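Please examine the sequence and the model shown here. The paragraphs that follow lead through selected parts of the structure in turn.

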Amino acid sequence: MWERSRMSRDGRPDDKCATKGQKIRLLANHFKVSVHSADVIFHHYSVELMYENDKNNKQVDGMGVRRKVIDKLQEIYASELTNVNFAYDGDKSLFTIGALPHVKNVYTVVVEDASSAKVATSMTPGENKSPGGSDMKRMKRPFQVRIFKVELSFAGTVPMDSIARVIRGQESDNYEKAIQVLDIILRQNSAKKGCLLVRQSFFDNSLSNSIDLHGGIKGLQGYHSSFRLTQSGLSLNVDVSTTTIVRPGPVIDFLLSNQDIKDIRRINWGKAKDVLKSLRIKTTHTNAEFKIFDLSEKSCSEQTFLWKKRNGNSSDAVEITVYEYFKQHWHIELKQSAHLPCLNVGKPKRSNYLPIELCYLVSLQRYKKALTVLQRSSLVEKSRKNPSKRKSDLSSALKCSNYNSDAMLRRCGILIASEFAQVDGRILRAPTLKAGNDQDLIARNGRWNFNNKKLIDPKQVNRWAAVNFSTRWNVQDLVQGLIRCGEMKGIKIESAHTIFEENLQMRDLPGTPENRVDNMMNQIHQRLPGRPTFLLCVLPVRKNCDIYGPWKRKCLVESGIVTQCMAPEYGRTKLDDQYLTNLLLKINAKLGGLNPQLQIERNRAIPLVSRNPTIIFGMDVSHSVAKKSNIPSVAAVVGSLGWPLISRYRASVCTQSPKLEMIDSLFKLEGGKDNGLIRELLLDFYSSTKRQKPEQIIIFRDGVGEGQFNQVLNIELDQMVKACKFLDDSWFPRFTVIVAQKNHHTRFFVPKGPRDDNVTNVPAGTVVDTGICHPRNYDFYMCAHAGMIGTTRPTHYHVLHDEIGFSPDDLQELVHSLSYVYQKSTSAISVVAPVYYAHLAAAQVRQFVRFDDMSEAASSASGTPSPLPELPRLHENVRSSMFFC
């Protein structure tokens, strides 16, 4: 077995390049960057920012305050820092052009009203605490003065010419750091304009860019900008970006909208506490700003504190309610919030309370909770832009940003062009698909249909029943339509044994939805002569209704029954043949059939793959959208079965530590046995190929950033090697590792005429591997699918390691072909099917367990995190099926 220490990714092949496909001229949302001062050197300093005279050396929190302090430092010490430019990331790193005077530089910075929360602390009541100082002193001091201690310690240098060296093909260890500094300059540019920053995206307060998502939430359009290293040199990537924010305004109005109620007496304060925590508010009576820490346990008229009331030269501590304090001191008689909880804007050991009706949410605050299905679909729908509109908006954004006037970028000698980059692309020919009776399926612009065609490998549907959790549809008509359409596609579907209609009274019983599912399954077991092989389930609403997860768990885990859920769209009065065909594609795949098949797969003509036993893995990790730290992530790996097929897969899924992106259980030795994710996939491949071990393993990894590529090689690939070695110490498979990225900001446009103003989407099969790709690393972009709505987003493929030895043409053809084997669709998809399957498997199994209901308090008495809950194991009858399809 070959042994490795740490691996780095493979470089771009320099002896040959891909040539297949029809050439096409494209525009990309990259703007050429000229660098005229490559001799600039950035000096890196570590930042320690503390409150002066704080006994505990308390660090200053909040990027806004930290940026304000550093800006003030530059202003105060301008004479000492002549010709020194700052690029500050708002946290621990500061980069300068021109060195600071010393290795360790200590500055004292006085800032007026640096933290308005400090002002407000002396103006609002605290639980069992004195507000501090007399009322007269507070009235005489309109703002707070804070003194900060700033330590800037030299941490190293970053030369700008490292970027030029990589462009010339030379080795450089600092080029990524140099680009990071340039990106920090962009962020700083936007921060000084008062924008909300989300990584490399920025959002201003323009109402024209907002989308009302209801529930007190708004979608906000902004722009992403980052520097990228390409074969054509340095470029600036600018793209449209979207985030969600809370709607500014009175806190009470927000809560009513968020919970979709009209009466403040119906507010769920548990939900309110969760959604309000850490949001910033201002008060109507002082205009001071605070961050919400908690809610009071008692109402304003009951919550008391000790108020040091000034009487001449002495002060007496008086216990008073928050309600009475505002009535006596501020002459405000609370109307709405007298019987409501207060907002606690203090600290864990020093509470400070504010009546809710005097508080309003400030603008540009991210909403970090999970969106509802309707909010998410509304955000996606209203954020779409056709190619011409997107291109026009990006040109305007670049013009408004006016980066070329930024003092620090000018000092770096950077000049950004205003024209979109021109790149050369190629359109790959769509692979030929086979249907039943050896008929061809011809794909046009990435789409095909099964009209008058049969499936390549249809399975018989027998011993089955239908279940109706909905009252909107005549399920008998649905069953008959499915049988009729199945016959046309070559699937013999017997008559359903029974149609189970849910008793309407079950919906109102306590303990739903689990009770509803249990009751329905009990009826099935009682009335059917044996276990059905298949159950069709009609849901009351879309699949992500509360019945979906418990139903899938009951069928796939406890009963071992293949099931297909459906929820006809509202407004649809008839189930047409296209809808029924799409349903049959999923059912057939889950029962072990194949719908279309690649001709090159059927003819064993896939270069390298058809020649030697090859297994293809797709890998993904699903993270909770909730911001709770103890909700586990779900890792999924799918593996191909039945080589030389590359169209049939099975999945292996497990939980892992929250927010952990690297899959840490691919190989898991327990009691002398490997219980990792890979073992079962390899054994199933072995049994499905008449006892052949794969000589080649192709890995498609989704969801990792460029900074994690080496971890994929040194952690995940290493575990796979160990899993293979554990099964057979003399087994030496060859590996190819490819990362598929969808979360990036490169877009392509096709000019419709001599002018570039009017553009369209790229056609299906477009691939780009020159111009804007990395000058050294092996990557390419592919749009296998046709973008019908909005602007097409390509998938960015990074080849990290290739022992199999694919030529660029053969590898791109394989990736293209794998976008056509997605069994539940009649169109090419945007990413290879194994990756999509892994994503679906993780998402579906996640719903078996209600992780998102776990509390932050779910920890052991010792304070250590609770053990990760294990996912229930699929029943052996369905374990090797494409249950996720």
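**A guided reading of the model**

Glutamine 847 is located in the segment after helix H20 (833–846); helices (H or I, at least four residues) and strands (E, at least two) are DSSP runs, numbered from the N terminus. The structure is a predicted model, in which local features need pLDDT of at least 70 and side-chain atom pairs count only at pLDDT 80 or more, while totals for chains, interfaces and linings use all residues. Residues are numbered from 1 along each chain as its sequence is written, and side-chain values use heavy atoms, with hydrogens and water left out.

Glutamine 847 has a relative accessibility of 32% and therefore counts as partly exposed (buried means under 20% relative accessible area, exposed over 50%, partly exposed in between, with a 1.4 Å probe and protein chains only). Its C-alpha atom is separated by 9.5 Å from that of aspartate 546, although the two residues are 301 apart along the chain. Leaving aside residues up to four places away in sequence, glutamine 847 touches Tyr548 and Gly549, where contact means heavy atoms within 4.5 Å.

Serine 665 occupies the loop between S33 and strand S34 (669–670). With a relative accessible area of 6%, serine 665 is buried. Its contacts, again not counting residues up to four places away in sequence, are Cys654, Gly676, Leu677 and Gln719.

Cys654 and Leu677 also appear among the residues nearest the centre of the second largest pocket, together with Val653, Asn675 and Arg873; the lining has 28 residues. A pocket is an open set of points on a 1 Å grid over the protein atoms alone, where a 1.4 Å probe fits, with protein on both sides within 12 Å along at least five of seven lines; lining residues have an atom within 4 Å of a point. The volume of this pocket is about 730 Å³, taken as the space filled by probe spheres set on the points, which are joined across faces, edges and corners. Strand S33 (649–656), strand S35 (673–674) and helix H17 (677–688) each give two or more residues to the lining, and S33 contributes the largest share, seven residues. By class, the lining comprises ten nonpolar, seven polar and eleven charged residues (Ala, Val, Leu, Ile, Met, Phe, Trp, Tyr, Cys and Pro count as nonpolar, Asp, Glu, Lys and Arg as charged, and the others, Gly among them, as polar).
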